[in-house]
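Here is a short report on a metal site, a helix and the nonpolar packing. Please read it alongside the model.

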Amino acid sequence: MALPNQCPLCSSGRENQSVITPHVYGDKQSIHTFFKCSKCDVIYLFPQLTPEQEHKFYAQEFEGFMNARSGENAGWDGPESHVKSNQGQFDRRWKYLQSMLPEQGKILEFGCSSGFMLYPLQEKGYECSGIEPSGVFSEYVRSKNVEIFESTSALGADFDVVMHYFVLEHVKEPALFLEENLRLLKPGGTLIIEIPNADDPLYTIYDIPAFERFYWSIAHHWYFTKESFEYLLNSISGISFEIILDQRYDLSNHMVWARDGKPAGMGKFSGKLGTEIENQYRKALIDSGYADTVIGIIKKNN
Ligand SMILES: [Zn+2]
């Protein structure tokens with residue numbers, strides 16, 4: 001097993017680095033390991049993917065990989081079913097977004113995929129565009145009058161809101177990436193980020209072995225907790241920020257994990273259990289600090 005000499009985020013030494021797991025989902029050659037730094041709390045893939053491996057993965061394998069990972073009804077088989085199956089994600093995010101977004105303005109989403117976050121915002125009057133290097137859904141997104149770019153090189157400090165959901169963990173240089181996000185914001189603009197919380201309850205509270213084999217993915221360079229995400233944001237100048245937790249997956253999803261040891265989408269038992277217990281369950285996880293999602297709300301200084 002290759003060992004890191006230092007933490008790639010905080011540069012603390014080898015004595016602070018320990019193995020989280022050698023079971024990296026999608027690591028066909030079994031050459032990667034996830035390590036954790038006890039100094040800044042970040043978890044990281046080592047060795048990293050080479051640029052060639054990474055390019056190949058995103059150009060050819062990503063959608064199929066996600067389809068295999070996400071269980072049934074995930075909608076990776078076409079743009080319209082993808083939009084439809086992610087309506088719940090939009091609804092969940094809208095609960096906190098509505099108090100954070102300006103009344104109107106320009107929104108840019110990195111990794112906009114099928115564009116499911118952007119169409120409802122467009123309907124509310126925002127001017128929306130997206131960045132998506134994977135071309136699978138691009139034609140569809142353009143057909144919905146959302147401008148889509150493959151990179152940021154032609155874009156200036158033009159946006160009121162920049163956002164990305166489950167993107168940062170895929171980025172090799174997260175501080176540089178966030179600085180590039182901030183460059184695209186007008187002064188006083190807002191950057192909104194969601195990432196997986198490494199303190200996911202299926203791992204921390206329930207400790208489900210099958211989940212542990214599934215969770216640590218070759219597609220992720222990093223897994224952050226609230227603590228390590230705060231460390232990262234503190235390294236960036238010219239911002240103020242708030243970090244909150246949210247719970248994406250529901251009680252039904254967790255029950256299937258516990259019963260079958262595999263993912264099965266969401267809502268399987270909600271029809272019988274009702275939404276009240278689902279809401280209380282989500283709230284209990286968030287309050288405990290062991291929820292599956294970390295949200296960063298970052299303001300660019302005026
Ligand atoms: Zn560190």
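Cys 40 has a relative accessible area of 4%, so it is buried. Buried means under 20% relative accessible area, exposed over 50%, and partly exposed in between (1.4 Å probe, protein chains only). This is a predicted model: local features need pLDDT of at least 70, side-chain atom pairs count only at pLDDT 80 or more, and totals for chains, interfaces and linings use all residues. Residues are numbered from 1 along each chain as its sequence is written, and side-chain values use heavy atoms, with hydrogens and water left out.

**Zinc site.** Cys 40 (SG) coordinates the zinc ion together with Cys 7 (SG), Cys 10 (SG) and Cys 37 (SG), at 2.3 Å. Donors are N, O and S atoms within 2.8 Å of the metal (3.2 Å for Na, K and Ca); water is not among the atoms, so sites may look incomplete. The donor residues follow the spacing C-x2-C-x26-C-x2-C. Cys 7 and Cys 40 link distant parts of the chain, 33 residues apart: Cys 7 sits in the segment before strand S1 (17–21), Cys 40 in the loop between strand S2 (33–37) and strand S3 (43–46). Strands (E, at least two residues) and helices (H or I, at least four) are DSSP runs, numbered from the N terminus. Cys 7 is buried too, because its relative accessibility is 0%.

Why is the arrangement of the 4 donor atoms tetrahedral? They subtend angles of 106 to 113 degrees around the zinc ion. Four donors count as tetrahedral if all angles lie between 85 and 135 degrees. The ideal angle for four tetrahedral donors is 109.5 degrees.

**Asp 160.** This residue lies in strand S7 (residues 159–165). It counts as buried because its relative accessibility is 19%. Its side chain makes a polar contact of 3.3 Å with that of Lys 186. A polar contact is a pair of N or O atoms within 3.5 Å; within protein, one must be able to donate a hydrogen and the other to accept it, and residues adjacent in sequence count only if both atoms are side-chain atoms.

**Nonpolar cores.** A nonpolar core is a set of buried Ala, Val, Leu, Ile, Met, Phe, Trp, Tyr and Cys residues joined through side-chain atoms within 4.5 Å.

| Core | Size | Residues named |
|---|---|---|
| Largest | 37 residues | Val 42, Phe 224 and Phe 229, with the most contacts inside it |
| Another, apart from it | 27 residues | Among them Leu 101, Val 146, Val 161 and Tyr 165 |

Strand S8 (185–196) gives the largest core its largest share, 4 residues.

Key: Tetrahedral: all angles 85-135°; square planar, octahedral: opposite > 155°, others 65-115°.
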